[in-house]
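Me: I am new to this structure and should like to go through it by question and answer. Please show the sequence and the model before we begin.

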Amino acid sequence: MLSKEAEQSIKRFKSFSVFMSSMYESPGNMSKSKRRFFRWFINLQGIFGPKVEGTTKEEISLDGINTWKVSTPNSDPNRILLYYHGGAYSMGSPKSHYSLVSYLADITGTTIYVPDYRLGPENKYPAQLEDGVRAFKALINDFNYSSEQITIGGDSAGGNLALITLLKLKEEGKYLPNSLVLLSPWADPAGTGESYNLEMADRDILIGPMIKKVWENNDNLYDGYLNNEDANQNNPLVFPISGNYENCPPIMIQVGTEELLLSDSRTLKEALERDKCIHEYFEWEGMYHVFHIDVNMPETISAFKQIANFLDKYSS
């Protein structure tokens with residue numbers, strides 16, 4: 001049964017998503033001014049959302065990538081979470097996720113780094129992957145953390161970036177993070193899974209209205225950051241549901257039952273089972289896409305406690 005706070009959150013974000021979808025244009029046709037408005041509006045969630053008392057942020061550079069270092073009085077300076085924000089690779093920033101990572105840092109006892117990686121359509125893939133890898137390596141090479149101290153995490157597109165960064169590091173045969181934490185990961189940017197349908201779009205109050213506009217315009221879900229020639233669904237560095245996860249660190253997945261990306265997580269779970277990768281998987285009944293953005297909900301706090309328990313087992 002949903003909490004009263006969750007019921008209120010659903011009503012509020014439903015209005016928000018309908019408003020945002022009313023302004024949808026194909027990425028190639030959207031003006032710079034409208035794109036700036038979208039990004040500014042998305043950032044408001046994190047800027048004005050609640051933060052844990054005593055939260056601090058420091059702007060630093062990870063190999064040239066502007067990054068927010070977020071911590072609370074409960075954060076361990078040696079327990080690191082490199083967190084990639086969501087936003088379909090075309091929106092979002094450390095600002096948009098400031099409220100989320102404040103509570104996540106406090107409950108998990110981590111120090112969180114949120115890189116402001118390059119966005120599309122100004123910067124098309126593989127710019128995002130390059131920045132994801134650079135940020136991880138900078139924590140090791142420039143800040144003297146060991147890979148065993150670092151967890152990689154992210155939500156939605158940031159979950160995609162966490163996965164493809166892991167797979168790229170594995171391909172290079174170098175150091176890997178101690179674990180991954182994924183919130184509603186966008187593991188299938190082409191949207192080929194069974195949950196990508198109109199019924200689920202009506203149930204998904206956060207991104208459903210926008211995705212329906214994408215379909216009505218005959219656009220691809222990935223058009224905001226990916227060129228068609230790079231949309232090879234057999235390339236795990238773009239579509240991580242096709243990846244091989246043998247010998248990868250433990251991976252945690254949280255996803256809502258009322259979201260279009262539900263099949264992304266279920267398919268990814270099957271891949272982890274196939275490759276015998278240690279994982280923990282949680283479907284949150286009645287929850288929308290990346291419900292963690294609303295830290296006022298008891299469901300969000302409980303989800304963060306799940307993550308804390310996972311990290312207690314697998315992070316240094």
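Me: Is N218 buried or exposed?
Reply: The model is a predicted one, and in it N218 is found in the loop between α7 and β7. Exposed residues are those over 50% relative accessible area. N218 has a relative accessible area of 70%, so N218 is exposed.

Me: What is the sign of phi at N218?
Reply: N218 is not a glycine. Even so, its phi is about 55 degrees, and the sign is therefore positive.

Me: Is V290 buried or exposed?
Reply: V290 lies in the loop between β8 (279-284) and α9. It is not a glycine, yet it has a positive phi of about 45 degrees. The limit for a buried residue is under 20% relative accessible area. With a relative accessible area of 3%, V290 is buried.

Me: How many helices and strands does the secondary structure of the protein chain come to?
Reply: The secondary structure includes helix α4 (residues 127-141) and helix α5 (residues 157-172), and also the strand β3 (80-84). The full count for the protein chain is 9 helices and 8 strands.

Me: What radius of gyration does the protein chain have, set against the globule rule?
Reply: For 316 residues the globule rule gives 20 Å. The value for the protein chain is close to that, so the chain is as compact as a globular protein of that length. Its C-alpha atoms fill a box of roughly 50 × 45 × 40 Å along the principal axes. The radius of gyration is 18 Å.

Me: What percentage of contacts between residues at least 6 apart in sequence join residues at least 24 apart?
Reply: Of the 316 residues of the protein chain, 59% count as buried. Among the contacts between residues at least 6 apart in sequence, the share that joins residues at least 24 apart is 76%.

Me: Is α4 roughly parallel or roughly perpendicular to α5?
Reply: The axes of α4 and α5 are 9 Å apart, and the two helices pack at an angle of about 70 degrees. Angles of 65 to 115 degrees count as roughly perpendicular. The helix α4 is therefore, with respect to α5, roughly perpendicular.

Me: Which residues of α5 does α4 meet?
Reply: The crossing of α4 past α5 is right-handed. By class, their contact has 6 nonpolar, 3 polar and 3 charged residues. From α4, the residues Q128, L129, G132, V133, F136 and K137 take part, and those they meet in α5 are L161, I164, T165, K168, L169 and E172.

Me: Why does α3 count as oblique to α9?
Reply: The axes of α3 and helix α9 (residues 298-314) come within 9 Å of each other. They cross at roughly 45 degrees. Angles from 65 to 115 degrees would count as roughly perpendicular and those under 35 degrees as roughly parallel. The crossing angle makes α3, relative to α9, oblique.

Me: How many nonpolar residues does the contact of α3 with α9 have?
Reply: α3 passes α9 in a right-handed crossing. In α3, L100, Y103, L104, I107 and T108 meet I301, F304, K305, I307, A308 and L311 in α9. Beside 1 polar and 1 charged, the number of nonpolar residues is 9.

Me: Where does D188 lie, and with which residues is it in contact?
Reply: D188 is found in the loop between β6 (179-183) and α6 (198-203). At 3% relative accessibility, it counts as buried. Leaving aside neighbours within four places in sequence, its contacts are G193, Y196, F239, I241 and D264.

Me: Which residues does S90 touch, not counting residues up to four places away in sequence?
Reply: S90 lies in the loop between β3 and α3 (98-108). Its relative accessible area is 16%, and S90 is buried. The residues it touches are R39, L119, G120 and G224.

Me: Which residue is joined to G120 by a cis peptide bond?
Reply: The loop between β4 (111-115) and α4 holds P126, which a cis peptide bond joins to Y125 with omega about 15 degrees. That loop is also the place of P121. For the cis bond from G120, omega is near 5 degrees, and the residue joined is P121.

Me: What distance separates the C-alpha atoms of D223 and G120?
Reply: D223 is found in the loop between α7 (208-216) and β7 (251-256). Along the chain, D223 and G120 are 103 residues apart. The distance between their C-alpha atoms is 8.8 Å.

Note on methods. Residues are numbered from 1 along each chain as its sequence is written. This is a predicted model: local features need pLDDT of at least 70, side-chain atom pairs count only at pLDDT 80 or more; totals for chains, interfaces and linings use all residues. Side-chain values use heavy atoms; hydrogens and water are left out. Axes are lines fitted to C-alpha atoms, for helices over the stretch in contact, and angles run from 0 to 180 degrees between N-to-C directions. Helices (H or I, at least four residues) and strands (E, at least two) are DSSP runs, numbered from the N terminus. Angles under 35 degrees count as roughly parallel, over 145 as roughly antiparallel, 65 to 115 as roughly perpendicular and the rest as oblique. A crossing is left-handed if the near helix is turned anticlockwise from the far one by less than a right angle, and right-handed if clockwise. Contact means heavy atoms within 4.5 Å. Ala, Val, Leu, Ile, Met, Phe, Trp, Tyr, Cys and Pro count as nonpolar, Asp, Glu, Lys and Arg as charged, and the others, Gly among them, as polar. Buried means under 20% relative accessible area, exposed over 50%, partly exposed in between (1.4 Å probe, protein chains only). The radius of gyration is taken over C-alpha atoms; the globule rule is 2.2 Å times the number of residues to the power 0.38.
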